[in-house]
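Q: I would like a close look at one part of this model, with its surroundings described in one connected account. Please keep to what can be read from the structure itself.

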Amino acid sequence: VRVAPTSPIAIAVHLRVDTLDVSAFELGGTMLRIERETVEPSPDVATTMRRIGRLVRLIASESRRPCLGVGVSMPSPVRASDGYALAPRHMNWPGIPVRELVAAELAAAPGLDGLPVYVGNDANLAALAEHVHGAGRDARNMLFVTTEHIGIGGALISSGRLFLGASGYAMEVGHTTANPGGEPCRCGARGCLETEADPRALLRAAGRPDTPTTGLEYRARVVLVDAAAGDPVARRAADTVSGRVGAGLAVLVNLLDPDRIVLGGLLARLLAVAPGPLSAALRERSFLERAVAVPVVAATLSAPALVGAAQTALAPLLV
């Protein structure tokens, strides 16, 4: 069975703190093309929405195939009922009605007026993609935790379905306590997983600057490369952060009883370089881990949030 070259497509948008990706996908999760643009720090909301609209129109016109909808991945909790992004804090935005704004950008485009727009949290969409196409296949209750630039995201797939909570805001795992009394977090607490284990935390642990925000992920990857090569300072930093990740995961295992944990982004690379401290902290701090060992594996997809956004837009065709 093959996908016909005239079959419908979905357009996926992934807005990150530093980049904007817009892609065309066909059935089966195959990416047909991608456009990427740099996003400046604290970008203007209206300008960013216009950029999304322009790129969606470009890809839709060049595909010459029917478009079923647009899926948008946001670095923010998203209200399930109307696609409202509650707090894109790392972009210094207030809450914004993303679905409404993107639909308005498409309203004047021939063939795109009234096109369905689906909005989701980036970690939720990445988890969906990993569960269907990647490292989470066949898991019953899959915990997904990831970091790419700033902060930590997470999601839970329970009995094959994404767990959203009452309004869509569930699984803000970045605010799980990983180090009581640790670094202050923007949420008001201390020692949250996102302040102890994101790229900034790894850079600080290695004695390297965590500013500017541009290029954070790349610089953090360099720390892990140096750790793997035997640099003692980088090695200690990787071990420290790995242990903090394990401590945060232990709290989540006790609460959620997953049968698989999938780590994405920088955490997947950290798992490859320093698996020991993570495993030890998870085993020592989790009651359930001592009863039933939970496998921790690296994500396998290169652009899971985009794949998940496209998957959401294509889903109505498969019902």
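Which strands make up the open sheet of three strands, in what order, and with what pairing? Please go on from there to the parts around it.

A: The model is a predicted one. Its open sheet of three strands runs in the order β5-β6-β7, and the pairing is antiparallel. The edges are formed by β5 and β7 (96-97), each of which pairs on one side only. Between β5 and β6 (residues 84-85) there are two bridges in the antiparallel sense. In this pairing V78 stands opposite A85 in β6.

V78 also leads to the cavity. The count of cavities of 30 Å³ or more comes to one, and the largest cavity has a volume of about 40 Å³. V78 lines this cavity together with P77, N121, N124, G154, G168, Y169, A170, M171 and E172. By class, five of the lining residues are nonpolar, four are polar and one is charged.

Strand β5 (78-79) takes part in a second void as well, since it is listed among the elements that each supply at least two residues of the lining of the second largest pocket. The others listed are β4 (67-74), β8 (117-121), α3 (122-133), β11 (161-162) and α11 (304-318). The volume of this pocket is about 600 Å³. Its lining consists of 29 residues, and those nearest the centre are L125, L128, L162, Q311 and T312. The lining divides into 17 nonpolar, nine polar and three charged residues. Helix α11 gives the largest share, with eight residues.

Two of the strands in that lining, β4 and β8, are paired with each other. They run parallel and are joined by five bridges. Along this pairing G71 stands opposite Y118 in β8, and V72 stands opposite V119 in β8. Strand β4 also pairs with β1 (residues 9-15), again in the parallel sense and over five bridges. There A12 stands opposite G71 in β4. G71 of β4 therefore has a partner in both pairings, A12 in one and Y118 in the other, where a pair of strands is counted from at least two bridges. As for burial, β4 is mostly covered, with seven of its eight residues buried. In β8 four of the five residues are buried, so this strand is largely enclosed by the rest of the structure.

Helix α11 can be followed through one of its residues, L314. L314 has a relative accessibility of 6% and counts as buried, because the cut-off for that class is under 20%. Beyond its neighbours within four places in sequence, L314 is in contact with I9, A10, E26, L27 and L68. The C-alpha atom of L314 is separated by 9.3 Å from that of C67, although the two residues are 247 residues apart along the chain.

Two further places can be added for comparison. The first is R219, in helix α6 (residues 216-228). R219 has a relative accessible area of 21% and is partly exposed, because the value is not under the 20% that would make a residue buried. Apart from neighbours within four places in sequence, its contacts are L203, P209, D210, T211, P212 and T214. R219 and P199 are 20 residues apart in sequence, and their C-alpha atoms lie 8.1 Å apart in space.

The second is the pair C185 and C187. A disulfide is a covalent bond between the sulfur atoms of two cysteines. The count of disulfides in the model comes to zero. C185 is in no disulfide, and its nearest cysteine sulfur, that of C187, is 3.6 Å away. For C187, likewise in no disulfide, the nearest cysteine sulfur is that of C185, 3.6 Å away. The pair is not counted because a disulfide requires the sulfur atoms to be within 2.5 Å. C185 is buried, with a relative accessible area of 9%, whereas C187 is partly exposed at 40% relative accessibility.

Conventions: Residues are numbered from 1 along each chain as its sequence is written. This is a predicted model: local features need pLDDT of at least 70, side-chain atom pairs count only at pLDDT 80 or more; totals for chains, interfaces and linings use all residues. Side-chain values use heavy atoms; hydrogens and water are left out. Buried means under 20% relative accessible area, exposed over 50%, partly exposed in between (1.4 Å probe, protein chains only). On a 1 Å grid over the protein atoms alone, a cavity is a set of points where a 1.4 Å probe fits but cannot get out, and a pocket is an open set with protein on both sides within 12 Å along at least five of seven lines; lining residues have an atom within 4 Å of a point. Grid points are joined across faces, edges and corners, and a volume is the space filled by probe spheres set on the points. Ala, Val, Leu, Ile, Met, Phe, Trp, Tyr, Cys and Pro count as nonpolar, Asp, Glu, Lys and Arg as charged, and the others, Gly among them, as polar. Contact means heavy atoms within 4.5 Å.
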